[in-house]
Amino acid sequence: MDSHSSMNLRLPPGRLEERFHEKKPLYDEHEALTEANRCLYCVDAPCVTACPTKIDVPTFIHKVATGNVRGAARTILTENLLGESCGQVCPVETLCAGACVYNAWERPPIQIGRLQHYAVTTAIANKPDLFELAPETGKTVALVGAGPASIAAAGWLALRGHRAVVFEKKTIPGGLNTLGIAPYKMKGDAALKEIAWVLGLAKGRIELRLGVDVVAGAAGAEEVSAAALLADYDAVFLGLGLGADSAMGVPGEDGEGVVGATAFIERLKADPALTLDGVQRAIVVGGGNTALDAVHELASLGVAATMVYRRSEAKMPGYAHELAAARVDGAGLVEDRAPIEVVRASGKLVALRVAPAKDGKPVGGAAPEDLPADLVIVAIGQNRATQIAQAFAGVALDPKGRVVVDPATHRTGNAKVWSGGDCVNGGKEVVNAVAEAKVAVLAIHSTLMGAN
Amino acid sequence: MADLSVDFCGIKSPNPFWLASAPPTNTGAQIMRAFDAGWGGAVWKTLGNPIVNVSSRFGGIDYGSTRMMGLNNIELITDRPLDVNLREITEVKKRYPKHVVIASLMVETKDEWREIIQKAEDAGADGLELNFGCPHGMCERGMGSAVGNEPKVLEEIARWAVSFAKTPVIIKLTPNVSDIVEPGEAVLRSGAHAISLINTIKSIMGVDLERMIPLPRVGKYSTNGGYCGPAVKPIALHLLSQLTRHPTIKALPMSGIGGIGTWRDAAEFIALGATTVQVCTAVMHYGYRIVEDMIEGLSDFLDDRGMKSVNELRGLAIGQYQEWGDLDLSFRVVADVNEEKCIGCQLCYVACMDGAHQCIHLPGRTEAEARKAGHLHLPAHVPERAVKAVALANAGQLGPRAVPGTRIPFVDEDECIGCNLCSLVCPVAGCITMKELDSGKPVETWNDRIQKGTNLVPGGLDATERARRF
Ligand SMILES: Cc1cc2nc3c(=O)[nH]c(=O)nc-3n(C[C@H](O)[C@H](O)[C@H](O)COP(=O)(O)OP(=O)(O)OC[C@H]3O[C@@H](n4cnc5c(N)ncnc54)[C@H](O)[C@@H]3O)c2cc1C
Ligand SMILES: Cc1cc2nc3c(=O)[nH]c(=O)nc-3n(C[C@H](O)[C@H](O)[C@H](O)COP(=O)(O)O)c2cc1C
Ligand code: SF4
Ligand code: SF4
Ligand code: SF4
């Protein structure tokens, strides 16, 4: 068990992730000024409404244009404490930039994410202490999981004067923001650097306990029970994320060569032991953004990678702009095919057997075909890791396994427990996790300060 | 193709485009390259007694991503030896006899003026331009704008020059005066043959906030310099037309200078009475090559207008420059938003709310919302388009890229005073136009009213009455 209050977090060298180049590298000053000067400084701007955290985009861009980069960073971080990550990982095409008035003008929208990345990274590099801390309140909040939801919540709680203790079962903090983001968007070390900045900002008020699993009834030294958290802390925030990758449930699935997408991406990003030696052809099963990321990453590494999706391209839940980008880097797509078996020869993976599908279901009687593969990545969703939430008396899950909260406060059925992020919304983006953490922190703060 | 050649107080020029006396006319080699590019004439970098220039010497001001909206300099006259410049003038005139070379001059005493004029004319200059405009460095020594500022001194030196010169004498004026007519009249009295204006405007370009030294910096200090470039064009146009509409000064040919960079700028100066135009900053920024567009654009414009010669354009706009008191108080325009073009940025809205008359509205607001936003009057009439747009937005029937109708502002025509502000801030070309309304009133000017001695309130007493109600 590691305990950190501030640290120099870094991933070990020799990871596949290091082979990737950023597709949208950090702007230099001149690029930022040029782009910032394109922004019209709209009134009641639609880009603001489209940002889940409601960053005042025209104001921060105007500040970039005047050279007030530190002010720009404050405007961003006030609404979105993880603005540095979000500037790199947000699907801006469907969020802020997708709403930019330039679209209606049939001109390229403002590169809001890149300006945001520039403003925060530049400001932090110059002077990390962008905010003053409120006096200590003497209250302490336990946060379960060290993903973006909990990290943002812990940072904001600390700024408001509370102490925060974050329990994370993995030895690397950051959740999917560190271990899941496509490396051409952001590397794991960048996410860790941001966490270190939040810890620094909090001046010792945040304690990160890595390798500690929060469980129903604690047994080992690396476990803490839900009951203990409820007893020992003034409030609890659950930022559990989603669980392990779902399985296809087809014959032959268990065994080497078949791996869940988030597990695979986590190793690609963090585990120097992972190599792709001997992998020439890979198949990624699924049609969501995780499948798109996996196939794009494999194709970028020189593997002949193809996505197999059980419906048509038009029905894919993954973003069209991500599919287009993956194709540019050589990824393939097979539509309307459902996997029915993993074909092995003396245990070794040889192919994925697929059947033609209509509306997502295998068509009876149609001839299956074998798609040869050295690696099969399963990206058909994640299980819910939310069962643990029920160990907190009064916290309920909906039929889809999502933690039930009051949307106005993100408080659960237990008056001492709040929750936000993927475990509540069923799996959205980092920016949604931060937005929900913000709602929860406001409610926790006013509760702890006796307003309620 | 229209004839671009002009006659400037007897000096024949293949076109009206001259280089102003400045770094682009430092050397003969430069001027010959400029003539090859198409420039019709060049005013040589000012000649005079030996001086030393400082380093650095220029400062620029950017606007957004546009560089050098304005330029300033603390450079003095030429720092090359006089005999070298004179030799080069001879050389240029020998190789380019049809092009114009004007010698810009600045010295102190009567004898110096006599001597330098003779040398310049012997070298082959087609005319002389007396630099009474330089606002830095030389004026402290009693030259440049120190002369341009003092009509009596100006007149006396100009008289000397006229008496010594065999070629036309052009007086270059400084804009750093409160009334340009005074130096203009002094030029007229002196017998000089033409005026060129403007020289640069006294300025400080900015402050280096790290070092706390104004810009441009020379070691530990800076000094005021002369401002020029696109930003000064409106000032130059005004000063030029003050002279070209003056009953007597207008007899003198004018060479217009200040912020000219395109054929359109040039056409505007000519329409306000200039015979030639001179260019400095635009060439320092983009090079001699810009003259190609100037020649082509001006001659196409003249062709389109059915004018055979650039001389037909000269002065066409002067008559339409009148005193405020002669403007028609009954004329009325109102803003009109083209909803097809609008992208919903609402810059017009905020400009009108905070910087004008609160008459641009957002559709779909209740009266309470409109009042809370700061509207003092509510539109009597909401356009059909705005009503429909709101209904569409409420029904969720908008395409993904469509501008929600609720973001497309509309103008309360009864309250719009026709100030133009919204149309100036709108980023989309042709989206906000100012449409003319028939006010139903006869033409009436302020001066008409004074003459009648009746109702002196602009807009009529009922306007004050209306204003009082709010
Ligand atoms: C492959 C992939 C790519 C993605 N790409 C993007 C992208 O480009 N842009 C974007 O905005 N979003 C992206 N996302 C989504 C984004 O990563 C998530 O929405 C975000 O990380 C959710 O944050 P969270 O804090 O809710 O959960 P998580 O990031 O999942 O963090 C939850 C943390 O809680 C820990 N935990 C769970 N249970 C316990 C327990 N009982 N005890 C202790 N610790 C526990 C987990 O180990 C984990 O570290 C991607 C997701 C995936 C899977
Ligand atoms: C660097 C620099 C040096 C100049 N030197 C002279 C000069 O020696 N003599 C002169 O009459 N005007 C001089 N001027 C003024 C220009 O001739 C011209 O009047 C002024 O720049 C306005 O024109 P513009 O807006 O096209 O630059 C100089 C201007 C600049 C920028
Ligand atoms: S909509 Fe586009 S142009 Fe307008 S403020 Fe936002 S980013 Fe700038
Ligand atoms: S946080 Fe994301 S959605 Fe919000 S403005 Fe920044 S880049 Fe856009
Ligand atoms: S400024 Fe122009 S584009 Fe913007 S809202 Fe007004 S009319 Fe529309």
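Start at the seam between domain 1 and domain 2 of chain A, where six residue pairs are in polar contact, both at pLDDT 80 or more. A polar contact here is a pair of N or O atoms within 3.5 Å; within protein, one must be able to donate a hydrogen and the other to accept it, and residues adjacent in sequence count only if both atoms are side-chain atoms.

Now colour helix H4 (69-79) and helix H5 (83-89) of chain A, the elements that give two or more residues to the domain 1 side of this seam. Helices are DSSP runs of H or I with at least four residues, strands are runs of E with at least two, and both are numbered from the N terminus. H5(A) brings the largest share, six residues.

A quick word on what you have open: this is a predicted model, where local features need pLDDT of at least 70 and side-chain atom pairs count only at pLDDT 80 or more, while totals for chains, interfaces and linings use all residues. Residues are numbered from 1 along each chain as written, chains are lettered from A in the order written, and side-chain values use heavy atoms, without hydrogens and water.

To select the domains, use 23-126 for domain 1, 140-241 + 385-448 for domain 2 and 245-382 for domain 3 of chain A; the bounds come from an automatic or database domain assignment. About 1,900 Å² is buried between domain 1 and domain 2 of chain A, with 68% from carbon and sulfur atoms. That area is the accessible area (1.4 Å probe) that two parts lose on being put together, summed over both. Pick A:Leu81, A:Leu82 and A:Val89 next: they supply 37% of what domain 1 of chain A buries against domain 2 of chain A, more than any other three residues.

Zoom in on A:Lys438 and A:Glu79, whose side chains meet in a salt bridge at 2.6 Å, N to O (a side-chain nitrogen of Lys or Arg within 4 Å of a carboxyl oxygen of Asp or Glu).

Hop over to A:Ser419 in strand E17 (residues 417-419) of chain A. Is A:Ser419 buried or exposed? A:Ser419 is buried because its relative accessibility is 0%, and buried means under 20% (1.4 Å probe, protein chains only). A polar atom of its side chain lies 2.8 Å from the backbone oxygen of A:Leu238.

Last stop, the chain boundary: 14 residues of chain B are in contact with 15 residues of chain A, contact meaning heavy atoms within 4.5 Å. Select A:Asp44 and B:Arg407 to see their side chains meet in a salt bridge at 3.9 Å, N to O.

Methods. Buried < 20%, exposed > 50% of the residue type's maximum accessible area, 1.4 Å probe, protein only.
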